[in-house]
Number of protein chains: 2
Amino acid sequence: MMVEHNGLDIMCSNKYCHSSSSSSSSEHDKKIFSKLKCNLSRDYPKKNAEIVSGQYGTNVLLVGAALMLAIAHHGPTVKEDHFLSFVTCLIIVQLFWMMWYILVRHRRKDARTERDVHATSCWIRGGLTLLALLSLIMDAFRIGYYVGYHSCVSAVLGVYPVIHATHTVAQVHFLWFHIKDVIKSLETFERFGVIHAVFTNLLLWCNGVMSEAEHFLNNHMRRLSALGYANLTIVHAEPQCNCTTSTCSMFSSSLYYLYPFNIEYHIFVAATLFVMWKNIGRTIDLSSTRKRVATKTQGLTLGPILGLLALASTIGVLVVYITHMEESVRTRQSAISMFYIYGIVMLVFMSIGGAVGLLIYRADYLPLDTTKNPSRQLDTKLLFGSSVGSWLMSWCSIVAVLGAESSPPYRWTNLIYSLLTVLEKYTQNLFIIESLYRQQVHTKRDDPELLPAPEIFSVTSSLAPPYTGIINRAYDTPDRACVAMENEQGESGQVYKCPIKPSEVSLPGGNKVVRPLNVKKQVLKNISIFLVMCNISLWILPAFGCRPQYDNGLEQETFGFSIWTTVLNFAIPLNLFYRMHAVSSLFEVFCQV
Amino acid sequence: MMVEHNGLDIMCSNKYCHSSSSSSSSEHDKKIFSKLKCNLSRDYPKKNAEIVSGQYGTNVLLVGAALMLAIAHHGPTVKEDHFLSFVTCLIIVQLFWMMWYILVRHRRKDARTERDVHATSCWIRGGLTLLALLSLIMDAFRIGYYVGYHSCVSAVLGVYPVIHATHTVAQVHFLWFHIKDVIKSLETFERFGVIHAVFTNLLLWCNGVMSEAEHFLNNHMRRLSALGYANLTIVHAEPQCNCTTSTCSMFSSSLYYLYPFNIEYHIFVAATLFVMWKNIGRTIDLSSTRKRVATKTQGLTLGPILGLLALASTIGVLVVYITHMEESVRTRQSAISMFYIYGIVMLVFMSIGGAVGLLIYRADYLPLDTTKNPSRQLDTKLLFGSSVGSWLMSWCSIVAVLGAESSPPYRWTNLIYSLLTVLEKYTQNLFIIESLYRQQVHTKRDDPELLPAPEIFSVTSSLAPPYTGIINRAYDTPDRACVAMENEQGESGQVYKCPIKPSEVSLPGGNKVVRPLNVKKQVLKNISIFLVMCNISLWILPAFGCRPQYDNGLEQETFGFSIWTTVLNFAIPLNLFYRMHAVSSLFEVFCQV
């Protein structure tokens, strides 16, 4: 296929594509048209191809969003079936594209495909596989639910989970074997394929988020009417016939515990596919590929212990909170107070952790790595972007607390909790982003304390070769291992020096000291593993129903029910994504420090 | 100030900042602390400084957003005064920063400041000055309104317009004399100053958008209750006392005609300041600075004529629409039908214009310019991002039309109008973005038709010097004037050749042919000026009250009142910004083609 394409290109450039100075008008017209035809068959310029495909993807998502908004109104015309049919079509198109892609790669197995090593790591793919498995269970439950009600619900509800399960399996296969590919042939076409996959997953994410938000809103309203607060009608799309099997209610209630995993699965796949899209047509700088340094786990005690403590207390808080919510006003209030106190303790520790990490980086000055890396750029933008949801929620809480007329017992703890949420995300983002941008240089300068300072070096220089100092085994890409060293003579601040390449130096036997992990690194590793566990904790709570923002009533008083639920429906999914994304980024930091 | 800072830096790097291998523990600790102190006083790494300041700005905006949401609820606690006090504080901080910045620049007048020539153009600043003047009139009206009601409204309502007017004047001065500066000293501090200015303007934009949306919603509900459709209470924050002057109602009603200009002013200033922020610490590639080619207006007839026709019919449609809206259901429906038919005609012509432009680019293959240019990158992202609002609105309309149960006369014209809106933005974005990315190379290869094709060249080569061909006066940066030429011998597609620099070549007298603008360029110029006027037209209509999305009832039926007004409150301001931004980008295209 590609050969034909290239052949056409060459033919074009040789025969027709030159502009001619001939003055004959009809011939001139003919030439212009043949030139136009040739240019159209040529690959589209990269920037345009990005925009064309990006606009296509955005519009696909927006069609879905429009359908979802219509469903949210529970109007008479647009039903969930319509939306599911649309999504099923998108999924089938993606399946065809993936099949085509895999077949083409298979046929051209001999041609080496460039790969972007930064695209995903083994454990990200492993995690995605786990999430995919839980998604498959969810599909199985959906099929079971359809079987029970098949006489009175649309066939789409049966077809959709089958197609979705196929899609999940195919996509996991794609993630394992093709996600790192740097596509260099038929770029424009492939661009459409990849962006279609990205936006299909995003749409599935949106759908999951909407279903979950609706579920929580219904739950919330049920509680409110149980307490006699509100008289709101709960819209339930229950089927009109009886279930033919005995497991229908089990299926539909279990579904909600699997939703959080399904949601994270789709958004993560969308992010990894987006990196693949950004990589299309890119020229990879091969010198920057390097082997991963084996993770050392020496001296890793305080971080994991504190982290496990946090996780355990989280489970406790979750159980107490959910059981207390169903009871009297007084119990509810004590549960909410408990949540805020727990949250304050967590966030104080997390903020301290992030701040200590940043201080260590300040004490250990290194220039940042600025090589191109779409995966890292996306990580940064996503962290920043998804923080916005939580920040908005926190500032709304602060405004509500300061302006509130009623004063429940948790009023001021809510204020402190909200302020700490802002602060914690602020420091954590800085810590993660700086770690991601430092890591490459960092792995090379494994032990900065071992680099002797010039003035001391001059005293002891008779014992070791000058400037090569102690060669560290971590220099696995010697070409790029230029370490910033302050120089003694220069008045202009700093000078960058390249140590002599290790391959050119014979190591003196006495220098092969196997040193334990340096203290700074140990601290950083402990901090990152602690933050990983804390972020998992703060993901678990809202994902499984501990959402005091719905229950505390303060914000609702200031903003009104509809504005506040809109804010929450926007902010909570973003916050959930933020926590999961922070976990994956922090784990990367942990591996690379 | 800067000299002291640098001095400290040098002292640090010479005396304390080396790590030492001394084993004495207390001395070691001392050294670590002094190193830490030195590193903290050093300028923060660029990436981190970006994140720190970006997070600060985002949070400032979110505090404002939280206050605005609380006001939108019309609750008892948070009033507009609180929000205005907050904004006034932000404005005062920005004023202090601008004063400080201008003073520092003034003191170091002798030191040459680097400037980014792409940052803004003369006519953008001119346009902003005009918008600023209209903003000042608005402030004057606000002061007049306050004077009338001063006995019963908060003093903040009098202080705010005075401060805002000062801010406007100071900001316009800043725009004219400092917006192109590339800041290279005290980077971290300046970064905070600039981002503070960006987000202050964004917040003022949000505030304007909210006030306008509320005004339209009130108008809409007034009409609905006049027609007996709905029985909604309109919340008006009217003062509790009588106006002491006779002009209060004049002031408050005129304000709404000035809002659209004020809104555009703030968002444009925010965008230009954001480019300044991106430029901080950047090293400008001086070779890419070039003089602007004088705009030729030869052969410019069809575009401006059609454009003026569009503008004139827009004014007509606007007047008819607004007067008809106040009348019976039948007249309303005919006005809405008229709007859609007018819209379809406009959008068809605009889509054709964009498509023709793209075909011309396809016929005239050129590699795109990929040099770094934050201003252009931002333009691209903003065009793309602000299209989303309008696309969402269009897809919602399409879903509503397809699912509607009622069938008003404008049902199917609404469908066609919505589809064309999607298509028109799609082609227009592509056209603008490709134009912006081509322009630099394009100005150099002024007349591609004049470059002789090699095979014909070989026949006539006895008459002209080889390969330099006809030298065009438009080569103003000869170093970069490498023109892509397909070569005859190579099988590999294309080869880039640099023509000999014009300065090194003596032009043969016979080649100094002053040719008229080439046909393609004339067409492109006509298209861009036509699109400019069409975009102005499509800005005028919603800005001054022609919003059939509120009036046609179809979408409201499918999505419900609250969801649909939320969508509109999000989408219409984005669409207004899109149109204005497209005007400025297309004008740039017009100047550069």
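## A first look at chains A and B

Chain A holds 17 helices and two strands. What you see here is a predicted model, so take this as a friendly tour of computed features.

**Chain A as a whole.** Of its 593 residues, 55% count as buried. The accessible surface of chain A comes to about 25600 Å², and carbon and sulfur atoms account for 65% of that area. Contacts in chain A often link distant parts of the sequence: among those between residues at least 6 apart, 86% join residues at least 24 apart.

**Two domains.** The domain assignment splits chain A into domain 1 (45-109 + 120-227 + 245-282) and domain 2 (295-439 + 516-592). Taken over C-alpha atoms, the centres of domain 1 of chain A and domain 2 of chain A are separated by 27 Å. To the contact between them, domain 1 of chain A gives 24 residues and domain 2 of chain A gives 32 residues.

**Two residues to find in chain A.** Is Phe96(A) buried or exposed? Phe96(A) has a relative accessible area of 53%, and because exposed means over 50%, this residue counts as exposed. You can find Phe96(A) in helix H4 (residues 80-107) of chain A. Together with Ile92(A) and Met99(A), Phe96(A) makes a nonpolar surface patch of about 300 Å². A general point about helices helps here: an α-helix has 3.6 residues a turn, so residues three or four places apart point the same way.

Now turn to Ser390(A), which lies in helix H11 (residues 374-403) of chain A. Its relative accessibility is 1%, and since buried means under 20%, Ser390(A) counts as buried. Which residues does Ser390(A) touch, leaving aside those up to four places away in sequence? They are Thr421(A), Lys425(A) and Asn575(A).

The table sets the two residues side by side.

| Residue | Helix | Relative accessible area |
|---|---|---|
| Phe96(A) | H4 (residues 80-107) of chain A | 53%, exposed |
| Ser390(A) | H11 (residues 374-403) of chain A | 1%, buried |

**A helix in chain B.** Helix H3 (residues 46-72) of chain B has 27 residues. How far apart should its ends be, at 1.5 Å a residue? The expected span is 39 Å, because the rise is multiplied by one less than the number of residues. The end C-alpha atoms of H3(B) are 39 Å apart, which agrees. H3(B) is also mostly covered, with 21 of its 27 residues buried. Just after H3(B) comes His74(B), which takes a positive phi of about 55°.

Definitions and conventions
Residues are numbered from 1 along each chain as its sequence is written. Chains are lettered from A and ligands numbered from 1 in the order in which they are written. This is a predicted model: local features need pLDDT of at least 70, side-chain atom pairs count only at pLDDT 80 or more; totals for chains, interfaces and linings use all residues. Side-chain values use heavy atoms; hydrogens and water are left out. Patches are made of residues with over 30% relative accessible area and no salt bridge: like charges are joined within 9 Å, nonpolar side chains (Val, Leu, Ile, Met, Phe, Trp, Tyr) within 5 Å. Accessible areas come from the Shrake-Rupley method with a 1.4 Å probe; for residues, only the protein chains shown count as cover. A salt bridge is a side-chain nitrogen of Lys or Arg within 4 Å of a carboxyl oxygen of Asp or Glu. Helices (H or I, at least four residues) and strands (E, at least two) are DSSP runs, numbered from the N terminus. Buried means under 20% relative accessible area, exposed over 50%, partly exposed in between (1.4 Å probe, protein chains only). Contact means heavy atoms within 4.5 Å. Domain bounds come from an automatic or database domain assignment.
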